[in-house]
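Let's work out how a label gets earned. Take a look at the structure first, then we'll go through the reasoning step by step.

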There are 2 protein chains.
Amino acid sequence: MKTAAYAAQSADSDLGPIEIQRRQLGENDVHIDIEYCGVCHSDIHTAHNDWGGTVYPVVPGHEIIGRVKAVGSKVSNFKEGQLVGVGCMVDSCQTCSACDDDLEQYCENGAVMTYGSEDPILGGPTHGGYSDQIVVDQKFVLNVSEKLDTKAVAPLLCAGITTYSPLRQWNVKAGDKVGVVGLGGLGHMGVKIAKAMGAEVVMITTSPEKGSDAKRLGASEVLVSKDKDAMKQQAGSFDFILNTVPVSHDLNPYVNLLKRDATMVIVGALTPLPELSGGGLILGRKRIAGSLIGGIAETQEMLDFCAEHDIVSDVEMIDMQDINTAYKRVMDSDVKYRFVIDMKSLKS
Amino acid sequence: MKTAAYAAQSADSDLGPIEIQRRQLGENDVHIDIEYCGVCHSDIHTAHNDWGGTVYPVVPGHEIIGRVKAVGSKVSNFKEGQLVGVGCMVDSCQTCSACDDDLEQYCENGAVMTYGSEDPILGGPTHGGYSDQIVVDQKFVLNVSEKLDTKAVAPLLCAGITTYSPLRQWNVKAGDKVGVVGLGGLGHMGVKIAKAMGAEVVMITTSPEKGSDAKRLGASEVLVSKDKDAMKQQAGSFDFILNTVPVSHDLNPYVNLLKRDATMVIVGALTPLPELSGGGLILGRKRIAGSLIGGIAETQEMLDFCAEHDIVSDVEMIDMQDINTAYKRVMDSDVKYRFVIDMKSLKS
């Protein structure tokens with residue numbers, strides 16, 4: 001079936017309208033009318049081919065909220081009109097040890113990402129949420145509470161789970177002192193979620209002017225990483241650090257903030273990180289780890305947690321036609337904290 | 001009390017004989033006649049002031065085996081003639097959370113190292129095991145089995161615990177695939193201990209010629225890290241990697257060998273490590289950590305484990321007078337795998 005979308009046609013072109021093919025509803029599929037789609041920095045990296053390997057045209061978008069339009073004959077958990085979400089993945093092998101462990105994001109045979117993966121049914125690249133419709137296997141469709149502000153739920157599907165998963169996996173608990181490095185789309189969700197878990201959250205930022213906003217979001221304190229005295233004063237005091245910085249940066253000052261045996265998890269920087277001091281790790285048995293989004297079961301858990309704690313993203317709504325301006329503003333860090341596309345605009 | 005020792009007088013001087021002051025036996029002290037002392041690479045770094053801060057004269061040596069000559073009035077666990085050991089530490093605050101957790105090596109007030117720390121009783125630097133006698137608080141004296149080859153037990157006090165502790169802390173168990181990177185004083189102990197824990201040990205080395213020796217020590221396989229095809233073939237297959245390389249080196253090829261959620265622990269390289277790929281960690285939730293020797297209780301556990309499994313170090317015996325030649329050979333990696341000083345030679 002044909003449907004409307006927005007795509008980049010090359011690394012340096014603006015995004016514009018396109019008609020794309022979606023598969024016919026299979027027996028395990030859910031057909032979704034997309035209402036909202038968040039704009040993630042990964043969308044921009046992929047559209048611009050920053051990581052290589054982009055196949056054009058690319059339809060980005062993996063923070064999808066919509067309503068069920070139809071379900072396949074073997075689908076019993078979803079019904080027409082239900083509010084649902086789709087995140088970064090739309091399929092995985094379901095047979096490897098990662099899939100067995102509900103960690104489809106680490107699928108050993110390669111998860112099928114919402115956009116830019118090889119489409120196992122139609123061939124060619126999968127197409128994401130900058131579109132008015134999508135058809136997804138029921139295992140990768142999430143149930144979304146009607147309780148929250150729907151449009152502001154969209155970014156939870158990527159920014160929410162990316163920060164929730166490491167906080168949960170490393171057992172952040174009430175009373176823990178948690179640092180969140182970087183206040184952007186990921187960081188602002190990290191602050192809200194860690195706070196809701198009962199942690200004492202310290203926003204760690206290079207920009208003192210972000211302080212008041214961080215406190216509004218739930219941080220009890222702001223630590224300016226350029227302030228050497230302040231950094232020294234808080235050395236060895238953090239139970240956990242969530243590092244959301246999306247670019248290469250020096251990890252050593254943050255390692256120094258960790259308590260003995262504590263971990264800093266990197267969720268943003270896929271790029272090479274400059275020289276890391278072995279001694280900084282050795283002299284306190286400290287740990288650095290990475291974490292990639294979260295599995296489907298954990299994503300559902302996160303959505304339920306956010307509904308329970310009234311957590312959504314801070315969003316700025318745009319029309320589909322504003323996407324190129326929005327990309328420029330994301331690159332300039334000029335958004336608090338996530339753009340969300342109102343997909344009604346695509347039809348106008 | 002005065003006793004004989006060997007010391008470096010400056011960063012570029014050879015080590016030579018010196019007379020040093022040891023404290024009088026206190027009520028909690030154990031007076032030890034030193035029989036053997038291992039030669040650790042740290043001894044050389046300290047003698048040469050490679051890490052800065054060395055106070056001369058420095059008497060190195062923290063792999064000490066000897067017999068109890070006398071005990072203080074409050075010492076009941078040790079008696080005259082008993083075989084004992086002293087490792088890298090001789091005191092700590094005993095009040096901080098690290099000491100409470102039996103992790104004196106991470107003492108928040110600074111453990112008193114066997115040599116080169118401020119001596120809390122005599123003032124000046126503490127003096128290590130290149131000496132015929134030492135007086136140590138009973139809490140830092142280890143019980144050594146008579147069952148093993150005594151002189152080859154000495155290196156367990158540093159090289160043994162440095163490798164045993166991370167293997168134990170990260171729960172290496174029977175059947176795990178464990179990589180040991182680097183075959184030197186630390187690496188050869190890592191292979192023996194991991195093998196005794198039931199792991200399938202793979203020696204990972206840049207030098208194919210070390211293969212046969214690694215297998216003799218207990219490795220079931222040798223992986224040459226320069227062989228890109230072999231490294232690719234084993235990607236994602238290791239449950240744990242113990243990295244004993246003592247100098248700066250690229251961690252990324254080893255991170256790539258880890259399974260999802262697996263850890264590489266660095267015990268050798270205190271120096272800056274070159275660019276680390278964030279993506280390498282993120283795309284498999286992989287972990288890098290550091291580890292420093294081990295606490296006193298765990299050191300005793302390691303000595304008991306080694307006695308039970310007949311594990312000692314491979315050693316080459318030297319006289320005290322040979323120490324400068326031995327240092328040169330250690331720097332040339334020309335020792336299999338640890339020099340041990342026969343302290344009888346000091347008196348000759």
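**Domains, chains and what joins them**

Q: What makes A:Asp314 and A:Arg216 a salt bridge?
A: In this predicted model, the closest N and O atoms of A:Asp314 and A:Arg216 are 2.9 Å apart. The cut-off is 4 Å between a side-chain nitrogen of Lys or Arg and a carboxyl oxygen of Asp or Glu, so this Asp and Arg pair earns the name. The count between domain 1 and domain 2 of chain A is two salt bridges.

Q: Which stretches of chain A are called domain 1 and domain 2?
A: Domain 1 is 2-157 + 314-347, and domain 2 is 160-290, according to the domain assignment. Their C-alpha centres lie 29 Å apart.

Q: How do you know how much area is buried between domain 1 of chain A and domain 2 of chain A?
A: Buried area is what two parts lose on being put together, summed over both. Here that comes to about 910 Å², with carbon and sulfur atoms giving 52%. On the domain 1 side, A:Leu156, A:Asp314 and A:Tyr337 lose the most, together 60% of what that side buries.

Q: Which residue pairs count as polar contacts across that domain interface, and how many are there?
A: The rule finds seven residue pairs, with both residues at pLDDT 80 or more. As for the side of domain 1 that touches domain 2, its residues divide into five nonpolar, no polar and three charged.

Q: Now for the two chains: what makes A:Asp101 and B:Arg260 a salt bridge?
A: Same style of check: the closest N and O atoms of A:Asp101 and B:Arg260 are 3.0 Å apart. The limit is 4 Å, so the pair qualifies. Across the interface of chain B and chain A, the rule finds two salt bridges.

Q: How many residues does each chain bring to the contact, and how much area is buried?
A: Chain B gives 36 residues and chain A gives 36 residues. About 2,900 Å² is buried between them, and carbon and sulfur atoms give 62% of that. In chain B, B:Arg260 is among the three residues that lose the most area to chain A, alongside B:Ile282 and B:Arg285; together they make up 27% of what that side buries.

Q: Why are strand E15 of chain A and E16(B) called paired?
A: Pairing needs at least two bridges. E15 (residues 272-273) of chain A and E16(B) have two bridges, in the antiparallel sense, so they meet the rule. In E16(B), B:Leu276 is the bridge partner of A:Leu273.

Key. Residues numbered from 1 in each chain as written. Chains lettered and ligands numbered in written order. Predicted model: local features only at pLDDT ≥ 70, side-chain atom pairs only at ≥ 80, totals over all residues. Heavy atoms only, no water. Contact = heavy atoms within 4.5 Å. Buried area = accessible area lost by both parts, 1.4 Å probe. Helix = DSSP H or I, 4+ residues; strand = E, 2+ residues; numbered from the N terminus. Domains from an automatic or database assignment. Polar contact = N/O pair within 3.5 Å; in protein donor to acceptor, adjacent residues only side chain to side chain. Nonpolar A, V, L, I, M, F, W, Y, C, P; charged D, E, K, R; others polar.
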